[in-house]
Amino acid sequence: MKDLYPNIEPFNEFQLNVSDLHTIHIEESGNPKGKPVIFLHGGPGGGIEPVYRQYFNPEKWRIIIFDQRGCGKSTPHAELQENTTWDLVEDIEKIRDYISIDQWVVFGGSWGSTLALSYAIKHQNRCKGLIFRGIFMLREKEIRWFYQEGASYIYPDAWEKYLEPIPKFKRNNLVKSYYEQLTDENINIRLKAAKAWSIWEASTSKLFQSEKSLHHFEIDDIADAFARIECHYFINKGFFKTDEWLLENINSIRQIPAVIVQGRYDVVCPMQSAWDLHRKWPEADFHIIQDAGHSMTEPGIRSKLIEYTDKFVEL
Ligand code: STX
């Protein structure tokens, strides 16, 4: 089993103005002369967590991580305007251009896998290798499963708390009803909804849940950005032209070395999506972790991801 690399601090942190409205926060850690990798975090709206650096050998990788629009240290906080998948894809290009990198490895789990696929499809020749975990393609059935009906049968206890802010007569479309509250002018309504939404997701991410990861989402700003930005992307169907847009465009990236790592008991992003991707992309290495849920910190997932970052550093 591979384990995390030691905790490290960035050697460089900066802000990049990506539009009239948005500034994003970027950090670099590891070896300034190492092989570049860009890490795409989840949510959307999840922001950087220091543990993300620890999936890469710091002597060999130049690790680039950024807070996507509206979250973490990016500003304005929890902003939904000018915040789409294609804005984020172009932000990745702006970062690459700004720090003069020609090609890099792209690493993304969960929503990070959605964004990594979108980026790779638009900018194939910038991608040296792709590492995906907990596949999420933002299809209607994936949203329905987690936010309307499905995951509710596995976590009825956590589900009760998720339903709580939404009045009974508004529960036939929970994403829409949540969106109304998450965009309410009344900050108390907004925050109550944001916490319930975020805690639902955190409660279902691991095979063995720890209290610690739930507390993270009880922080006002963290819950607010995560819930508002996620819900905004889901209301807008990920800004994709068709429901299966990513799968329909996989052929254009099949030549890129890639790996898919998926937890068998992932309740947030069920394995069906990883399987659908595997079927369309048989050349990509495919690993099912039999004793894992969604989170990238699940031991089997963590180990497999590090095995691949160690391998892909040689590409
Ligand atoms: N959203 C899945 C996702 O990207 C549908 C995600 N879930 N939890 C996370 O990300 C955090 C790791 C940010 C908590």
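**Notebook: helices H6 and H9, and ring pairs**

I began with helix H6 (residues 174–182), where Leu-174, Val-175, Ser-177, Tyr-178, Gln-181 and Leu-182 are buried. These residues span an arc of only 165° around the axis, which means they sit on the same side of H6. For background, I noted that an α-helix has 3.6 residues a turn, so residues three or four places apart point the same way. I keep in mind that this is a predicted model.

Next I looked up what the buried residues of H6 pack against. The partners are helix H3 (140–147), helix H5 (156–163), helix H7 (187–203) and helix H9 (220–235).

I then went to H9. It has 16 residues and reaches 22 Å from its first C-alpha to its last, close to the 22 Å expected at 1.5 Å a residue. Of its 16 residues, 12 are buried, so H9 is largely enclosed by the rest of the structure. I listed some of the buried ones, including the charged or polar entries Asp-224, Arg-228, Glu-230 and His-232. The buried residues of H9 pack against helix H1 (85–98), H2, H3, H6 and H7. After H9 comes Lys-237, and I noted its positive phi, near 50°.

Aromatic pairs were the next item. I found 28 of them in the structure. In one, the ring centres of Phe-39 and Phe-107 are 5.1 Å apart and the planes are at 20°, so I entered the pair as stacked. Phe-39 belongs to strand E3 (residues 35–40) and Phe-107 to strand E5 (residues 104–109), so this pair ties together parts that are 68 residues apart in sequence. Phe-39 is buried, with a relative accessible area of 2%. Phe-107 also counts as buried, at 2% relative accessibility.

The second pair I checked was Trp-111 with Tyr-233. Their ring centres are 5.2 Å apart and their planes are at 70°, so this pair is edge-to-face. It links distant parts of the chain, with Trp-111 in helix H2 (residues 111–122) and Tyr-233 in helix H9, 122 residues apart. Trp-111 is buried at 0% relative accessibility, and Tyr-233 is buried at 0% as well.

I also traced a cluster of rings. Ring pairs join Phe-136, Phe-146, Tyr-147, Trp-159, Tyr-162, Tyr-178, Trp-197, Trp-200 and Phe-234. Tyr-178 of this cluster is one of the buried residues of H6, and Phe-234 is one of the buried residues of H9.

My last entry concerns a charge over a ring. Lys-122 lies over the face of Trp-86, 5.0 Å from the ring centre.

Note on methods: Residues are numbered from 1 along each chain as its sequence is written. This is a predicted model: local features need pLDDT of at least 70, side-chain atom pairs count only at pLDDT 80 or more; totals for chains, interfaces and linings use all residues. Side-chain values use heavy atoms; hydrogens and water are left out. Buried means under 20% relative accessible area, exposed over 50%, partly exposed in between (1.4 Å probe, protein chains only). Helices (H or I, at least four residues) and strands (E, at least two) are DSSP runs, numbered from the N terminus. The arc is that of the directions from the helix axis to the C-beta atoms. Contact means heavy atoms within 4.5 Å. Rings of Phe, Tyr and Trp (its six-membered ring) pair if their centres lie within 6.5 Å; planes under 30 degrees apart count as stacked, over 60 as edge-to-face and the rest as tilted. A charge sits over a ring if NZ of Lys or CZ of Arg is within 6 Å of the ring centre and within 35 degrees of the ring normal. The expected span of a helix is 1.5 Å times one less than its number of residues.
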